[in-house]
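Student: Could we go through a structure together? I'd like to know how the labels people use follow from the numbers.

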Amino acid sequence: MDNNFAGSLIVFEGLDGSGTTTQAGLLADYLKEKGHEVLKVEEPGGTSLGRKVRDLLLEDHGMDIRPLSELFLYEVSRAQLVREKIIPELEKGNVIISDRFAASSVAYQGHGRGIPIDVVKRLNDIALNGVEPNATIFLDIDLEERERRGSGQKPDRIEKEAREFYRRVREGYLEEIRSMDEAVLIDGTLPKDEISRRVISELETELL
Ligand SMILES: Nc1ncnc2c1ncn2[C@@H]1O[C@H](COP(=O)(O)OP(=O)(O)OP(=O)(O)O)[C@@H](O)[C@H]1O
Ligand SMILES: [Mg+2]
């Protein structure tokens with residue numbers, strides 16, 4: 001455990017369409033059934049302010065949001081989420097599951113948009129205020145699988161970016177995940193239930 005809190009922060013990361021929302025939901029259901037108090041949040045979002053910021057980031061409103069501005073918007077959402085929701089839940093001893101967290105900014109705004117990684121990490125550190133995930137689950141899918149899963153849905157602003165962007169994001173994620181000792185990589189192309197079983201078995205010592 002990295003945090004000096006009674007509770008646990010579990011994070012799901014991965015490319016768009018990798019299944020973070022699906023797996024966050026399955027884990028929350030499982031833990032609730034086991035009697036845990038669980039709060040599920042998403043990034044960007046998770047608070048009223050965060051949801052406003054999420055609309056700015058993901059809606060196709062035609063505004064030209066520059067990379068550094070985009071990073072700051074994510075950090076606004078993150079700073080608010082940490083202080084308003086995550087720290088109080090951890091203090092109460094509850095489990096909080098976040099659908100994306102700080103590693104997303106390293107991968108997307110850092111490796112994807114080209115903002116220096118040390119800049120992204122400095123802002124992450126300020127937003128996080130010492131909070132670290134107890135576990136980060138990275139759901140790895142390749143670019144072809146991302147495109148297959150995305151088809152049929154209206155792409156949001158960020159999903160319209162070129163394949164090259166997602167190649168950098170995936171490589172960035174892999175590098176970042178390798179450097180985090182509480183991170184676990186799971187093959188995101190496995191069936192949903194099999195992934196969920198692997199997630200639960202990875203978290204067994206942490207939570208159960
Ligand atoms: N293991 C899986 N195998 C096949 N399809 C999956 C799997 N997990 C999720 N999916 C499907 O892929 C799509 C994306 O899943 P989900 O919304 O959970 O991903 P996400 O990472 O939250 O995506 P987004 O970045 O768009 O929020 C959905 O249609 C979902 O049913
Ligand atoms: Mg999702």
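Student: How many aromatic pairs does a search of the whole structure find?

Tutor: Four. Keep in mind that this is a predicted model, so the values are all computed from it. Let's take Y108 and Y173: their ring centres are 6.1 Å apart and their planes stand at 90°.

Student: What makes Y108 and Y173 an aromatic pair, and why is it called edge-to-face?

Tutor: Check the distance, then the angle. Rings pair if their centres lie within 6.5 Å, and here the centres are 6.1 Å apart. Planes over 60 degrees apart count as edge-to-face, and these are at 90°, so the label fits.

Student: Which parts of the chain does the pair link?

Tutor: Distant ones: Y108 is in helix α4, residues 102-112, while Y173 is in helix α7, residues 163-179. The two tyrosines are 65 residues apart.

Student: How do you know whether Y108 and Y173 are buried or exposed?

Tutor: Buried means under 20% relative accessible area. Y108 has 6%, so it counts as buried. Y173 has 0%, so it is buried too.

Student: Why is the pair of F138 and Y173 called tilted?

Tutor: Their centres are 4.8 Å apart, with the planes at 40°. Stacked needs under 30 degrees and edge-to-face needs over 60, so at 40° the pair is tilted. F138 sits in strand β4, residues 135-140, and Y173 in helix α7, so this pair ties together parts that are 35 residues apart in sequence. F138 is buried as well, with a relative accessible area of 1%.

Student: Which residues form the aromatic cluster?

Tutor: Y108, F138, F165, Y166 and Y173 form one cluster. One of them, Y166, also has R146 lying over the face of its ring, at 3.6 Å from the ring centre.

Student: How do you know that α4 is largely enclosed by the rest of the structure?

Tutor: Count its buried residues. In α4, 10 of the 11 residues are buried, so the helix is largely enclosed. Among them are A102, Y108, Q109 and G112. The buried residues of α4 pack against β1, α3, α5 and α7.

Student: Glutamate is charged, so what makes you call E13 buried?

Tutor: The label depends on accessible area: E13 has a relative accessible area of 1%, and the cut-off is under 20%, so E13 is buried. E13 is found in strand β1. Not counting residues up to four places away in sequence, E13 touches a list of residues including R100, F138 and Y173. The C-alpha atoms of E13 and L185 are separated by 9.5 Å, although these residues are 172 apart along the chain.

Student: And what about E75: buried or exposed?

Tutor: Buried, since its relative accessible area is 6% against a cut-off of 20%. E75 lies in helix α3, residues 67-92. Leaving out residues up to four places away in sequence, E75 touches S105, V120, L123, N124 and A127.

Student: What lines the second largest pocket?

Tutor: There are 21 lining residues, and the closest to the centre are L128, E132, P133, E176 and M180. The pocket's volume is about 440 Å³. The elements giving two or more residues to its lining are β1, α4, α5 and α7. Of these, α5 gives the most, with four residues. By class, the lining has nine nonpolar, four polar and eight charged residues.

Student: What makes the phi of R100 worth pointing out?

Tutor: Most residues other than glycine have a negative phi. R100 has a positive phi of about 80° and is not a glycine. R100 lies in the loop between β3 and α4, and at 14% relative accessibility it counts as buried. N129 is also not a glycine, yet has a positive phi of about 50°. N129 is found in the loop between α5 and β4.

Student: Where is there a cis peptide bond?

Tutor: A cis peptide bond joins E43 and P44, with omega at about -10°. P44 has its place in the loop between β2 and α2. Most peptide bonds are trans.

Conventions. Residues are numbered from 1 along each chain as its sequence is written. Chains are lettered from A and ligands numbered from 1 in the order in which they are written. This is a predicted model: local features need pLDDT of at least 70, side-chain atom pairs count only at pLDDT 80 or more; totals for chains, interfaces and linings use all residues. Side-chain values use heavy atoms; hydrogens and water are left out. Rings of Phe, Tyr and Trp (its six-membered ring) pair if their centres lie within 6.5 Å; planes under 30 degrees apart count as stacked, over 60 as edge-to-face and the rest as tilted. Buried means under 20% relative accessible area, exposed over 50%, partly exposed in between (1.4 Å probe, protein chains only). A charge sits over a ring if NZ of Lys or CZ of Arg is within 6 Å of the ring centre and within 35 degrees of the ring normal. On a 1 Å grid over the protein atoms alone, a cavity is a set of points where a 1.4 Å probe fits but cannot get out, and a pocket is an open set with protein on both sides within 12 Å along at least five of seven lines; lining residues have an atom within 4 Å of a point. Grid points are joined across faces, edges and corners, and a volume is the space filled by probe spheres set on the points. Ala, Val, Leu, Ile, Met, Phe, Trp, Tyr, Cys and Pro count as nonpolar, Asp, Glu, Lys and Arg as charged, and the others, Gly among them, as polar. Contact means heavy atoms within 4.5 Å.
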